[in-house]
Structures are given as structure tokens and as C-alpha cells.
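Trainee: I'm new to this one. Could you walk me through it and tell me how each label is earned?
Mentor: Sure, have a look first and then ask away.

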Amino acid sequence: MKKCICFLSVVLVFAFVLTSPFMTAYAADPIVIGVPTSTGFVEGKEGLAVVEMAVADINAAGGVKVGSENRMFKVESIDIRDAAPGVPVPEALMGIEKLILEKKPAALLIGPFRSEALLAAMDILTKYKVPLLGTIAMTPASEGKIKKEPDKYKYVFRTCLNAVYLVKYLVGTMSFINKEFGFNKVYIMHQDVAWARATADGMVKRYFEKAGWTVVGQESYPTGASDFSSALMKARSSGAQVILPIFDMPQSGTLVKQWKSMKVPALLAGFISPLAGPGAWKTFDKKIGGAVNCNFELGSAIASAKVPQSVEFLKAYEKKFGKPMEAGHGPGPTYESVYILKEAIERAGTLDPDSLVAEIQKTDRTGVMGRIKFDDGHQAVFGMDPKEAAVACVFQWNDKGERVNVFPEAIADAQIQLPAGLKAAK
Amino acid sequence: MLLGTIVYAIINSVILILMSIGFNLTFGISGISNFAYGAFYILAAFVTWMLLNLLGFPYVLSILISIVFTAVIGALMYRFVLMRVRGQVLSEVIATFGIGLAILEFFRYLGFVGVEYALPVFIDESFMIGNVYVDMQRILIVLSSIVLVILLWLFVHYTSLGLAFRGIAQDERTALTFGMDSDRIATLSVSLGAGLAAIAATVIIPLGTISVSQGYDVLINALAVSIIGGLGSTGGVIVASLLVGFAQRFTDTYIGSHWTMIVSLLALLIVLVIKPSGLYGKQKELEERI
């Protein structure tokens, strides 16, 4: 009898211990990936979608090997709304801090849209020692902070391109236009946010002034502006041959429609977020033939047959979500960031942030954007050959509704064509 | 450049009139500041989009249904929410703002974000006015605005319901003694305001794409123009829209585009300092404060 009671007691104790919460938690403790970004904007929405897609694939394949055990990824997101006009930076920072304190993520992906918010968030990331693989905000100033105080800001990485690299791609595009068509008068229209200002000023100082172009006008528009008629009239009256737009706000779709309806005889070549994906053809009533757009990363709503992973990625996205990707900035590097994090965790064998950061720094992988490595400012290196570096992709809409890759040469399928109604200057 | 600036300033002003007239009418009749106005604007746009793209309805039918639907939502908002707080101004503002926020953020939560959310223009043509190209959609906006203002004027002057609106607006207590049900009139005024927001959305939205954040912009513009012109005064809204519209376009052309957004807010500030009830406003208690 005593033995029976003793045996039953041992069984009950074991049953209690095995089913108790701390045991359950230890057995199935997922690795939390935090996604604090503006999910109400297409880049944030699709960025979050690709994180979930990558996480689903990784978990289906067995998860992440941390030391000797396999653990699953789990995504926790928060809409920090920093991309919406009028939202103050402290509001966005509160969202990031809330996510860190409540969900205790191993790392953050995507991050703020606005560079002002990213720069301010760097101290929060240092305070809580949480690595960030940013894929939207583009200011080179974050790299400057990292280089100046590497131990303090080592937790911040950027997988997407920055404004400096964007300028290089736009310079390449403008050089071609100048060489091929003899165009040398440009009207610049850009959004009044840090990345767009830096890009516009960079284009003027580093290329247009040196290459003998005439900048016939430059206008900056606050986020939310929806009438571009004055600038378009000025572009026409000043004889601009190229309009360089630099916008990521949804209202910039009005610029495209006004450019067409006002029949401004200038080539539209730059970055307008609504022009990035295949849906633009229907949205703009099939009237965007000739427009040239630079998607910031290969794999972000644009693929190249010369980088098969980019094609597979977009097909997988469309299959999973039932519609094509539309965001020309963010999804490609975001997808890669999940795998960068996974590989860094597996190499480190731990979730310790300092070890993770050291392994992320050693990343050298080939994916949808090309080859990804980080420089000493924790910026992914972008170049002109996907075998050597990550690449952006400049394409041109043709009159059949197709997007034809035109730059860089390593992934180009054709050269820029002049749309009907425009004549070369030489 | 000058002709082009004037042409687009007129168009800009008319867009402001269309955006604001519903908000101003609701306040003028029932004294309710409908802070869900911007949300109704976006609601109508998305309903039209859904009917057109998901259900395959003809475009005109989609527009008519969305206008009626939005007007009904406005009426329901009054009947089930505002009627309980009628007369408590702060509660009305908070309630309508909360409803507006809920509608807009619900669309954002559902993922109504992206370039595919756009309405087609009615006629895809451009015309020359002098040496300026203007698209047909903008010309339609001007024409529809003129027709709308005329119809509204005829409505409030020559229909029994319109006269009831004016009666309630002039003196609610006296109107009650004549048997006019103020709650019924208020329901109809909020509904009419919502319907006017829907009409504005269906003609203006095709100029670009549908974006949830536009709902907040429309509310700010409607509020600014109504306050500048004088809350409750249709004539004031028209004059204020012309002032602000011209100021914005001329600022854009001759000073700088990045100053455009503050023009309406600066005009608002000046009016509030000099004449708090607005250019044609009649709120004497506001005047007595300065």
C-alpha cells in the first residue's frame, strides 16, 4: 500500500512537472522576430507578408538550429505609422520600444520608413541590445553613426540600398539618356523627406553639375501633396527633356496621371512608388508607356531571368498571396534578412545579441538581390553585377504593359527607348 | 504660366468646395461638426472600387450605390450615436472623430493599401485652355461642382425639406413649434453631408489613387475652409475655397511647392485671430472674445 502511494505520488509529480507552463515553454520556445514598420503602406504591408512567407518556409523545413536544438521562428509586428504624414517621430519610437519590451524579439526586421525615425531609434536598439536588419529607411547618416561609434551602434544593419547607391543607379540611367538621346535639361521633383532630399541633392552635386546638365527646376513636395500641375507647367515652359521624380508616397500616382494628361513632352525617369509593380499598368489606364522607374532592389516587385532566385521569389509570393507584389522597395531585402538572421543564429549557436551581430557582419550569401555582404557601416554593398554585390533594377514600361529591365547592364534585357512623341536631341 | 496657374487655381478651389460643402452643410443645419467626414469620403471611394472590381458592377451604378450607402451610414451614425449626445459639442466631436478613425483604420487593417486601389477617370481626354492642357476629369469636377451648388440652392429654397433645413438652421426652437422634428432633420443633414462627401470622392479620387491617409487630409481641408469661410455659411465656403485654392497654387508656382501645405493653415490662423467666426460666420460669441 505504501509502495503504491509512493509510486502514484511520483507519477503525479512527473505529470505536473511535464505539463507545467515552464516545461511547455522550454520545449517549444519560438524565436521572436519583431517587425516594427508602417504596415499601412504598401512597402510595409508587403514587407511583413514576405517575412511571414520566409518564416513559414523556414519553419516547414524544421526551423532554426540554435546550438543543439531546433526552434521555430515567430513573427510579432506593430504598425508604427511613421510613414503617415504628421506622425511625430516619438510616436514611432514608442511603438518600437513597446514591441521590444512586450514581445522580447531576438531581432527586428524592416524598421521605420523615415530616416529621422531610424536615426532616433538607433539609441533604443543600443539600449535594449536588439539587432535590426532595416530594409526601408535609406539615410547614409546611420552608417556614419555606426562608423563613428561602432560598439554603441553595432546592432543596426541595412539590407536595402541607401541614398548614395540610389544616386549611383540614377546617375547610370541619366548618363545613358544623355549619351543616347542627347538630353541635358532636367526638372527634379521630389518628396520633402530625408532620403528623397539626399537623393535629389546628390544627383545635382555629384552628376548633373559635373556632366554639364542644366537643372531647369527643383521642387520638393511635402508628404500628402496631390497637385503637381505647377511643376509640370514649369517643366514644360523651361524646356525640360527629362523629369526626375523621387517619391514614395501613394499620392504621387497623381503626378503620373498629370504628366500624361498635361502631355508634358519630357521623359519621366526616376522613382515613383506607384509605378513600381505590375498593377500600375491598369491603375494608370495603360498610359505609362515610356516611363522609367528604378526599383530599389532586385526582387522588390521586379525580377531578372539572370538572377533566377528573384524570379522564383516573385512567383512564390504571387502563389501564396494570390496577387503580384507591388512594392518596389523593401520586400526583396526583407526576405533576404530573414535568411540572413537564420544563418547568423545558426553560425553563432546562440541568440546572444553581441554574438548575433558579429555573425550578421560576416554574411556572404547569394539570394534574390544578388550577393549580399555588409560593409563597415553595416550597409549591404550594392553594385552593378549580382554575382559580386546586391543590385537595384531600373526598368522601363513599354506600350504593351511590360516592364523591361534597362540597367544595370548585367541584368538589362534592352536599352531605354524614347516614348512616342518625344524626339532625341541629337 | 500665369494662365495655367489661374486655371489650376480655379480647379483647386472647386475641389476644395466639393470637399467642404458637405461638412459645412451638416454644421449649418444641425450644428454637428462631423469629424467622420473624411472617413465617409474614403468609404465611398472604397465601396465604389469594390463594387466595380470585385462584383463587376457598371461604374455609374457603383457610384450611385456607394453614394446612397454612404448617406445611409451617415444617417445611422446620427440615429444610433449622435442623437444621444446631441447638444454636447465635445462629445459630438469625439464620437464622430472616433467613428471616422475606426472606419479609416479598419480599411488599413484589412489591407486596402496599394496602387491597385484606384478609380478610372470618366473620360480619358485632355483639352487645351489657352496653352494649358487640362484633363477632362478636372473639367468634370468643375461642372459637377457648379451643378451641385445650384441644385443645393434650389433644394434649400424651393423644397419643403430644404425649407425645413433652413428653419432648423435659423432657429431650432421656433422650428420645433412649427412641428419640425429636429432629430429627423439632423439625421437627414448628416446623411446629406455624408452623401456629398461621397459625391466629392467619386469625382476627385480618379485624379490619383485611393489612399486611407487622404481621409485625414480631406477632413483637415474641409475644416480649414469651413472655419475660414464661416461655419454654416455656404457662401463663405465658396469664398474661402477660392482664397485658399488660389493662394495654394500661386504659392506653388511663384514661391515654392513645400510651402503649399501651410497656406490653408496660415489662412486659418489669420482668420481666427482677426475674425474668429470666419469671413461670413455668424457666431457672435466668438467675435466677442476678441
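Trainee: Which strands form the open sheet in chain A, and in what order?
Mentor: Keep in mind that this is a predicted model. Seven strands form the sheet, in the order β9-β8-β10-β11-β12-β15-β16 of chain A, and their pairing is mixed.

Trainee: What makes β9 and β16 of chain A stand at the edges?
Mentor: Count partners. β9 (214-221) and β16 (403-407) of chain A each have a single partner strand, so one side of each is left without a neighbour in the sheet. From one strand to the next, the twist averages 20 degrees.

Trainee: How do you know that β8(A) and β10(A) pair, and which way do they run?
Mentor: Pairing takes at least two bridges. Five bridges join β8(A) to β10(A), so the cut-off of at least two is met, and the two strands run parallel. One example is A:Tyr187, whose bridge partner in β10(A) is A:Ile243.

Trainee: What does β10(A) do on the β11(A) side?
Mentor: Four bridges join β10(A) to β11(A), again running parallel. There, A:Ile243 stands opposite A:Leu268 in β11(A). With helix α11 (residues 253-261) of chain A, β10(A) and β11(A) make a right-handed β-α-β unit.

Trainee: Why is β10(A) called mostly covered?
Mentor: A residue counts as buried with 20 or more other C-beta atoms within 10 Å of its own. In β10(A), six of its six residues are buried. Both faces are covered: A:Val242, A:Leu244 and A:Ile246 are buried on one side, and A:Ile243, A:Pro245 and A:Phe247 on the other.

Trainee: Which helix lies across β8, β9 and β10 of chain A?
Mentor: Helix α10 (residues 229-237) of chain A, which runs at about 180 degrees to β9(A).

Trainee: What makes the pairing mixed?
Mentor: Compare the two neighbours of β12(A). Strand β11 (residues 267-272) of chain A is joined to β12 (residues 292-295) of chain A by two bridges, and they run parallel. A:Ala269 stands opposite A:Val292 there. Four bridges join β12(A) to β15 (residues 393-397) of chain A, but this pair runs antiparallel. In that pair, A:Cys294 stands opposite A:Val394. With parallel and antiparallel pairs in one sheet, the pairing is mixed.

Trainee: Which way do the residues of β12(A) point?
Mentor: A:Val292 and A:Cys294 point one way, A:Asn293 and A:Asn295 the other way, and all are buried.

Trainee: Over to chain B. Why is B:Phe46 called buried?
Mentor: B:Phe46 has 20 other C-beta atoms within 10 Å, and the cut-off is 20 or more, so it is buried. B:Phe46 is found in helix α2 (residues 37-53) of chain B. Leaving out residues up to four places away in sequence, B:Phe46 touches B:Phe107, B:Phe112 and B:Ile210.

Trainee: How do you know that α8(B) has close to the expected span?
Mentor: Helix α8 (residues 182-204) of chain B has 23 residues and reaches 32 Å from first C-alpha to last, against 33 Å expected at 1.5 Å a residue. As for cover, 20 of the 23 residues of α8(B) are buried.

Trainee: How many residues does each chain bring to the contact?
Mentor: Chain B brings 31 residues and chain A 35 residues. On the chain B side, α1(B) gives the most, with four residues. By class, that side has 10 nonpolar, 14 polar and seven charged residues.

Key: Residues numbered from 1 in each chain as written. Chains lettered and ligands numbered in written order. Predicted model: local features only at pLDDT ≥ 70, side-chain atom pairs only at ≥ 80, totals over all residues. Contact = placed C-beta atoms within 7 Å. Nonpolar A, V, L, I, M, F, W, Y, C, P; charged D, E, K, R; others polar. Expected span 1.5 Å × (residues − 1). Buried ≥ 20, exposed ≤ 12 C-beta atoms within 10 Å, placed from the backbone. Axes fitted to C-alpha atoms, helices over the stretch in contact; angles between N-to-C directions. Right-handed = clockwise from strand over helix to strand, strands pointing away.
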